[in-house]
Amino acid sequence: MTMLDHLKEHFVKEFPRIASGHYIHLFVLRHSQSFPVFQTDGVLNTARTQAGLTKHRDLFNRLVMFKRKQTTPERLTGRELLRALDITSQAKDAENYCAYNGEDSCKQCPDCILYGFAIGDSGAERSKVYSDSAFSLTPYETSHQSMTFNAPSEAGAMSEGGVMRHSINEQDHVIPEITFPVVETLRDVTYEGFIYLVGNLLRTRRYGAQESRTGTMTNHLVGIAFCDGEVFSNLRLTQALYDRLENPEQILGIDGLKLLAETTVRELLAEEPVRQTRVLFGDELAEIMKDVKSLYQDNEAIAAILTTLNQQTHHYAQTHGAKAKPTQKNTKKNSKK
């Protein structure tokens, strides 16, 4: 048996109609590998926060990675895989057709049920992936760079027909090796749903605007906790981790930060009023990640898992979700109206 097999008792057997208190917290360090852009109206998103929790109480500006900047790329990564395995389709005449986040979404595939949707009178589904805005570990002033860029002609020059082009602009970018500590929470998911969501997290490489040209990031999973409730916020994790830095002016490399983050998460979990049924760090976590990666490298194995997940989400949608048929009681009420 693999480490993953030993975890199956901690997952729900099927997606429940109402919350059943099964929370899985993924503790992640999002680490920039190029020059991503997280902006609104052309300006990098920032927030003024306390640097740490207790040791460093001074205020400074942090970069902010809003929640949709995180979940949208991961969701699209998953949808790409579902189409590749013919679980969903982009062909409008296909029986398994599903459009992203709109009136034509199928309301029953793994993407729709796990990440949720809201389509007016057509129904809604609450996301089973809880996320929130992430904050940079380091201050805005040392975490960004203003870059000038131009748009040369097809010939590669800034002039065309003897006339100079003026397509020159300036934009702020997040610099490489900036860390955004994150708690991503999964609520009431099956084993197959867990594999799908963790795979989306590990397989997503680009975030933010201009993702076809920049925005590369790596997600480092430092711990997993199975609990009966929610735990601390992204900001609290970030501030607690900042307090543990021996020299905030000289940030550790990612390997050092992962070890420090593990210690920080353990301490924060000990303060939470939740029951922890299983917590994974270190060698146990490494075994889990090895098992997950092996599944994704085996086309037949991952196809079987996602096919089962698709059956689970269809069953849920038709029993409890937007595809469920109205009960006789509700039908009588509507007819009286």
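Let's start with Ile195: setting aside its neighbours within four places in sequence, Ile195 is in contact with Leu4, Val292, Leu295, Tyr296, Ile302 and Ile305. The model you are looking at is predicted. Ile195 also belongs to the largest nonpolar core, where Ile195 is listed with Leu26, Phe194 and Ile224 as having the most contacts inside that core.

**The nonpolar cores**

- The largest nonpolar core has 56 residues.
- Helix 4, residues 191-203, supplies the largest share of this core, with eight residues.
- Another core lies apart from it and has 25 residues, including Ala51, Leu241, Val265 and Val274.

**Where helix 4 meets helix 7**

- Helix 7 spans residues 282-297, and its axis and that of helix 4 come within 10 Å, crossing at roughly 90 degrees.
- Helix 4 and helix 7 are therefore roughly perpendicular to each other.
- From helix 4, the residues taking part are Tyr191, Ile195, Tyr196, Val198, Gly199, Asn200, Leu202 and Arg203.
- Their partners in helix 7 are Met289, Val292, Leu295 and Tyr296.
- Sorted by type, the residues of this contact are nine nonpolar, two polar and one charged.

**Gly282 in helix 7**

- You can find Gly282 in helix 7.
- Gly282 counts as partly exposed because its relative accessibility is 35%, and partly exposed covers values between 20% and 50%.
- Although Gly282 and Val222 are 60 residues apart in sequence, their C-alpha atoms are 7.8 Å apart in space.

**A look at helix 2**

- Helix 2 runs over residues 67-84 and has 18 residues.
- From its first C-alpha to its last, helix 2 reaches 26 Å, close to the 26 Å expected at 1.5 Å a residue.
- The buried residues of helix 2 include nonpolar ones such as Pro73, Leu81 and Leu82, and also the charged residues Glu74, Arg75 and Arg79.
- Gln70, Thr71, Thr77 and Gly78 are among the buried residues of helix 2 too.
- After helix 2 comes Asp86, which has a positive phi, near 60 degrees.

**Ser133 in its loop**

- Ser133 sits in the loop between strand 8 (129-130) and strand 9 (134-139).
- Is Ser133 buried or exposed? Ser133 counts as buried because its relative accessibility is 12%, and buried means under 20%.
- Leaving aside neighbours within four places in sequence, Ser133 is in contact with Val64, Met65, Phe66, Lys67, Gln70 and Asn234.
- One of these partners, Gln70, is also a buried residue of helix 2.

Key: Residues numbered from 1 in each chain as written. Predicted model: local features only at pLDDT ≥ 70, side-chain atom pairs only at ≥ 80, totals over all residues. Heavy atoms only, no water. Core = buried A, V, L, I, M, F, W, Y, C linked by side-chain atoms within 4.5 Å. Buried < 20%, exposed > 50% of the residue type's maximum accessible area, 1.4 Å probe, protein only. Helix = DSSP H or I, 4+ residues; strand = E, 2+ residues; numbered from the N terminus. Contact = heavy atoms within 4.5 Å. Expected span 1.5 Å × (residues − 1). Axes fitted to C-alpha atoms, helices over the stretch in contact; angles between N-to-C directions. Parallel < 35°, antiparallel > 145°, perpendicular 65-115°, else oblique.
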